[in-house]
Amino acid sequence: MANEILEEHIQNEYKWGFTTDIDADEAPKGLNEDIIRFISAKKSEPDWLLEFRLKAFRNWKNMVEPQWAHVSYKKPDFQDIIYYSAPKPKKELASLDEVDPEILKTFEKLGISLEEQKRLSGVQSNIAVDVVFDSVSVKTTFKETLAEKGIIFCSFSEAVQEHPELVKKYMGMAVPPTDNFYAALNSAVFTDGSFCYIPKGVRSPMELSTYFRINASGTGQFERTLIIADEDAYVSYLEGCTAPQRDENQLHAAVVEIITHKNAEVKYSTVQNWYPGDKDGKGGIFNFVTKRGICLEDNSKISWTQVETGSAVTWKYPSVILKGNNSVGEFYSVAVTNNYQQADTGTKMIHIGKNTRSTIISKGISAGFSNNSYRGLVQIKKGASNARNFSQCDSLLMGDKCGAHTFPYIEIKDKSAVVEHEATTSKIGEDQLFYCKQRGIDNEKAIGLIVNGYCKEVLNKLPMEFAVEAQKLLAISLEGSVG
Amino acid sequence: MISIKNLHASIGDKEILRGINLEVKAGEVHAIMGPNGSGKSTLSSVLAGREDYEITEGEVIFNGKNLLDMAAEDRAREGLFLAFQYPIEIPGVSNINFLRTALNEIRAYHGQEEMSAKDFLALVKDKSKLVELDSKLASRSVNEGFSGGEKKRNEIFQMAMLNPKLAILDETDSGLDIDALRIVASGVNKLKSKDNATILITHYQRLLDYIVPDFVHILYKGRIVKSGGKELALELEAKGYDEIKKEFELAD
Ligand SMILES: Nc1ncnc2c1ncn2[C@@H]1O[C@H](COP(=O)(O)OP(=O)(O)OP(=O)(O)O)[C@@H](O)[C@H]1O
Ligand SMILES: [Mg+2]
């Protein structure tokens, strides 16, 4: 029976594995100061930003790749990567009609129809999308609607040109350019990403969303996202990602920074579906991402929700620095690994302010020969009186060739802290599956049902449209893998 | 409805069913009794399509189709329902969602379209009344934290919702208090029709006072060793299995 199941699973293809044939404007392979100058010049950046990049690069050269994660892979050759690949724009894009039709087709295949977005514009509350294709942001929708509220939502490059003072002020605040090996690399070579600023007292009337797509072969994707919520502001932000099927591993090393001022709230949701590699573990994206938010001022809140189904290797710890008093950090995560995927993911909650609270809900699902680790740090600094943390880390195993691991670290420097940690490990039982079948529900549907039930607490945190997509994705990722 | 001929099933090298013959027609109620470990639950699992057992011999025809060739989910979709002796818990999946999925899968199999949310909820309301199921239980996770009796009642609720052709109730009466037994039995009676059939597996004559069987069979060491009318159950209740055991020991 086990063999049959494997067979079935082998036939389960990655459904986003197409490439788009477009004319790309690329940098030569390799990394040195000249390449960095090339990227910076391509983007007509101010001197301070070039300096930022070069400084990060000089630091990076002296850093070593982190070894502590519970993953093993062939280290990327950083001189064999193309650091800049832009779909060749014909000219400045003023409207959607000017976007390369091949790119539009790609996005349609991905299920995001910009046409649709445009048509619905203004009719009802909707989602504004920024799409980043390889390294360059192609199109941001609803920009005008948002501008009426004073919301800035644009590509990172555009923000550098149009709002340099904001970029300069906040960039690197949550993730300093020397934070870690991959953050330093990103700081040196990042090409684009999204920028979002919600002004004082404004609640964003729609979800803001970025779709990332790696397309060209041999490229790495190094995007940067910076989200700032000023006093009393609120925004819900979504991120989605896919990549074509390729035999080689491609590197994705992003940085996401969130900054919240007094009483502000940012909800950041990710559905990560980078190409995971084939059934033998060949190919797939190395997803080495640094995501961090800082609750800079009192009563602010940052919430990370992630559904991770893709990538060959994931190394990712969306974290919150709770600096303001009464600030709140949340981390809700579902991480699925199948075949030979490896994920080492979790969060860090750093309590600095008084009465700060954090919640961690992590659901790991391992199938096939995969390895799935939760790694989390809860740190209560001295003076962070009455800090509270609740952590729950559950693992679900499907089959007996996969692994689930939990590495919770807790450091408490203030006696008034209350920190709770719960962990469970369970298996999808034959009994549960048989019970479902006896009611007319087949294996695939049954697994979907059981897994969605298991992840409910996390899926409930996602905005509606995303939750539906995430549910489907979970079912697809686990197709045929029965425990 | 169902015709079982010389059914043999084993697990590992242990033969558990050793030549079962049973014919159940539409409109009939059959009771199967027998000492612990005689193979009653095994028979129901094998019919429902559990894969742990190896069928070594025999044939089962269900509504003109070869049951043993069908996947478990297709047997269910063809109208075979098993009320489990030990219902399974599925955390995080609400009873309602579970049943809605089941019902729509069965409908899809028969080429029918999905039931609308409105019709579905009306059906839930109607059927939960039948077994006096607390409406809170319908929205809770499948069997999770249910008391023993609640689980059994939930099985009959599911049966009412899915409206099977053949229902096999594996000791649905055990663990029910007197009132619950009466309610569940009356639910089963109301669901009875000339087009469906029921197999009751039980240890107690008491249930058969409420649901009167047309036939009673005694299963012993993997075989039906005696069949009769409802008076056979009364006889068993009075004398126990001693006589049967003596009579059939040699045949082991
Ligand atoms: N998975 C299994 N592995 C090993 N033995 C099994 C398995 N399933 C059933 N058996 C054995 O088969 C025999 C019949 O079991 P079964 O559960 O069918 O009995 P039953 O008639 O339903 O008993 P009860 O009245 O106690 O419910 C028992 O001896 C049991 O131990
Ligand atoms: Mg039994």
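1. In this predicted model, chain B contains an open sheet of four strands in the order 2-1-4-5, with antiparallel pairing. Strand 2 (14-24) and strand 5 (65-66) of chain B are the edge strands, each pairing on one side only. Within this sheet, strand 1 (residues 2-11) and strand 4 (residues 54-62) of chain B run antiparallel and are joined by seven bridges. As a point of reference for the register, B:Ser10 stands opposite B:Glu54 of strand 4.

2. Chain B also has an open sheet of six strands, ordered 6-9-10-3-11-12, and here the pairing is mixed. Its edges are strand 6 and strand 12 (223-228) of chain B, each of which pairs on one side only. On average, neighbouring strands of this sheet are turned by 20° against each other, direction ignored.

3. The parallel part of that pairing can be checked at strand 9 (residues 166-170) and strand 10 (residues 197-201) of chain B, which pair in the parallel sense over five bridges. One residue pair to look at is B:Leu169, whose bridge partner in strand 10 of chain B is B:Leu200. Helix 9 (residues 231-239) of chain B packs on the sheet, where it touches strand 3 (29-33), strand 11 (215-220) and strand 12 of chain B. The direction of helix 9 makes about 110° with that of strand 12 of chain B.

4. The magnesium ion (ligand 2) has B:Ser41 and B:Gln85 as its protein donors, through OG and OE1 respectively, at 2.0 to 2.2 Å. B:Ser41 belongs to helix 1 (residues 40-48) of chain B, while B:Gln85 sits in the loop between strand 6 (80-83) and strand 7 (90-94) of chain B, so the pair ties together parts that are 44 residues apart in sequence.

5. Are the two donors buried or exposed? B:Gln85 has 16% relative accessibility and counts as buried, because the cut-off for that class is under 20%. B:Ser41, at 26% relative accessibility, counts as partly exposed.

6. Helix 6 (residues 148-162) of chain B has a length that agrees with expectation: at 1.5 Å a residue its 15 residues should span 21 Å, and its end C-alpha atoms are 22 Å apart. The helix is mostly covered, with 13 of its 15 residues buried. Just after helix 6 of chain B comes B:Asn163, which takes a positive phi of about 50°.

Conventions:
Residues numbered from 1 in each chain as written. Chains lettered and ligands numbered in written order. Predicted model: local features only at pLDDT ≥ 70, side-chain atom pairs only at ≥ 80, totals over all residues. Heavy atoms only, no water. Donors = N, O, S within 2.8 Å, 3.2 Å for Na, K, Ca; no water. Helix = DSSP H or I, 4+ residues; strand = E, 2+ residues; numbered from the N terminus. Buried < 20%, exposed > 50% of the residue type's maximum accessible area, 1.4 Å probe, protein only. Expected span 1.5 Å × (residues − 1). Pairing = 2+ DSSP bridges. Axes fitted to C-alpha atoms, helices over the stretch in contact; angles between N-to-C directions. Contact = heavy atoms within 4.5 Å.
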